[in-house]
Amino acid sequence: MAERNRRTVRDLRRGNRARVLQRLYFDGPLSRQELGPATGLSSGSISNVVAELAAEGLLQEAGIVDSDGGRPRTLLKVAPDGGLLVGIDIGETRVRVELFDLSLTELARTERLLAQHGYDVDRIVAHVRTGVADVLRDAGADPHRLLGIGVGVPGIIEREGPEGPDGKRTAVVHGQTIGWQAVPFEQLLREAVDVPPEVPLFIDNGAKTLGRAEMWFGGGRGAGAAAIALIGSGVGACVDHGDILAEDRTSLALEWGHTTVQLRGRRCRCGSIGCLEAYAGAEALRERWREAGGPLPEDADDETALAALLAAAYPPPGGPAPDAVALSLLDETAECLGAALADLVNLFLPERILLGGWAGLLLGPHLLPEIRRYANEYALRHAAARTTIEMGRLGPDAVTVGAATLPLADFLTRGGSRPAPGSRPDGTGASPRTATETVRNRSRTTTG
């Protein structure tokens, strides 16, 4: 019974810390007085939690404001140097690894191109291993300050194998379009990446991490429901419902690129026919442009080909006339995207739809008006009238930022507690402890 009560008190304390940290992270800087109504905690609890978090280096002062004739109030914010995060984008053209501080300010980055070797699992694992080592070295960072590593990958993520003590299973990736069948990616990374054993690893679908980034920091902020499309060499999407801090918030990765937009249409690289990806993905656009006689070198990659297609369709002022074939191909692409977005509108009733991914960011400025027009034609009128379609705001790094939010979200939910040295990321070994608990325990050992 005593042990159960101790766990209950610890859980309550951790929950209070999480409320304060989350509110300051997303809405700060705030004063202690503002934190009370924002978190529902008493002034005494706020004082205790703030003092504890500040002592651990997780909070810092952010200025002073007047308070209607009373004493000036000190503003607080989450300290950027309170920890480090790694975000990794396993894209379809490159592996991008970035190191961030707690404010998600980039400290270092590296990229590895995939064009030559494709999606060989061992090579990608090696890219991740050397990429993490490179960014830590370039930033002069201590690996023990890592709060976690987040990875965004193409495909469906499932958790298989026996449950660990934390109730979690190992992430396995099913990436049909890149030739990955039940790849035990999490296990491979844990064995390869040279970081302290207690550093947690998180793996999720790349479109879902893109969506998380846009919902937290970009065009989805404040929306009750949003759909975020990732258009790269392939096509994916996610749908996000609920406020950032809501307990019932849900996020769902969709294999949107493999919904049908053309009966008996083009063969998709997934093996099916008529998929959206076979018309709107950058790899498909490259092949369609080549089939139409577009002047492309045989070894042109997806990015080079898409740039050439857009340059032919939209030449600079004073240049050659727009290429009619290129314009027709892109109009068909806009219609396919509009029709597929209409499906998202009718199925999920989002307030906002955001277009992202490296190819989406190139296509959007030219095609967005037509995409909106086609979406309105194909969607139910009432649903379409309450949905806006815009560009994502975070640029080509959104997947890596979103990947870094995976360990960040876990850290905030745990109230800033860190896994103790010697514990393992699967939850076994030593229990997570706050810095304050560690100091107290050392003190007891020394004085006892």
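Buried, in these legends, means under 20% relative accessible area, exposed means over 50%, and partly exposed falls in between (1.4 Å probe, protein chains only). By that yardstick, 50% of the 448 residues in the chain are buried. This is a predicted model, where local features need pLDDT of at least 70 and side-chain atom pairs count only at pLDDT 80 or more, while totals for chains, interfaces and linings use all residues. Residues are numbered from 1 along each chain as its sequence is written, and side-chain values use heavy atoms, with hydrogens and water left out.

**View 1. The whole chain has 14 helices and 16 strands.** Helices (H or I, at least four residues) and strands (E, at least two) are DSSP runs, numbered from the N terminus. A contact here means heavy atoms within 4.5 Å. Take the contacts between residues at least 6 apart in sequence: 59% of them join residues at least 24 apart.

**View 2. Proline 29 sits in the loop between helix H1 (2–27) and S1.** The peptide bond joining glycine 28 to proline 29 is cis, with omega about 0°. Proline 29 is also one of the residues in contact with leucine 76, which turns up again in the next view.

**View 3. Strands S1, S3 and S2 make an open antiparallel sheet, in that order.** Strand S1 (30–31) and strand S2 (59–65) stand at the edges with a single partner strand each, so one side of each has no neighbour in the sheet. Two strands count as paired if DSSP finds at least two bridges between them; S2 and strand S3 (residues 73–78) have five, running antiparallel. Look for glutamine 60, whose bridge partner in S3 is lysine 77. Leucine 76 is in strand S3 too, and at 4% relative accessibility it counts as buried. Leaving aside neighbours within four places in sequence, leucine 76 is in contact with residues including Leu24, Leu35, Val50 and Ala62. Glutamate 61 is another of its contacts: the two are 15 residues apart in sequence, but their C-alpha atoms are 4.6 Å apart in space.

**View 4. Strand S7 (residues 146–153) is mostly covered, with eight of its eight residues buried.** Strand S4 (residues 84–90) pairs with S7 in the parallel sense over six bridges. Five bridges join S7 to strand S11 (residues 201–205), again running parallel. Valine 151 is a handy landmark: it is the bridge partner of isoleucine 88, and it stands opposite isoleucine 203 in S11.

**View 5. A second open sheet of three strands has the order S8-S9-S10, with antiparallel pairing.** Strand S8 (156–160) and strand S10 (180–183) are at the edges, each with a single partner strand, so one side of each is left without a neighbour in the sheet. Neighbouring strands of this sheet are turned by 25° against each other on average, direction ignored. Five bridges pair S8 with strand S9 (residues 170–175) in the antiparallel sense, and glutamate 158 stands opposite valine 172 in S9. Helix H5 (residues 185–192) packs on the sheet, touching S8, S9 and S10, and its direction makes about 120° with that of S9. Such angles run from 0 to 180 degrees between N-to-C directions, with axes fitted to C-alpha atoms, for helices over the stretch in contact.

**View 6. The largest nonpolar core has 51 residues.** A nonpolar core is a set of buried Ala, Val, Leu, Ile, Met, Phe, Trp, Tyr and Cys residues joined through side-chain atoms within 4.5 Å. Trp256, Leu276, Leu306, Leu309, Leu341 and Leu363 have the most contacts inside this one. Helix H10 (residues 324–348) gives the largest share, eleven residues. Not counting residues up to four places away in sequence, leucine 309 touches Leu285, Trp289, Ala326, Leu329 and Leu330. Apart from this core lies another, of 41 residues, among them Phe26, Val50, Leu76 and Trp216.

**View 7. Two leucines have a positive phi.** Leucine 104, with phi about 60°, is in the loop between strand S5 (94–101) and strand S6 (106–113). Its relative accessible area is 13%, so leucine 104 is buried. Leucine 349, with phi near 50°, lies in the loop between H10 and strand S15 (352–356). At 44% relative accessibility, leucine 349 counts as partly exposed.
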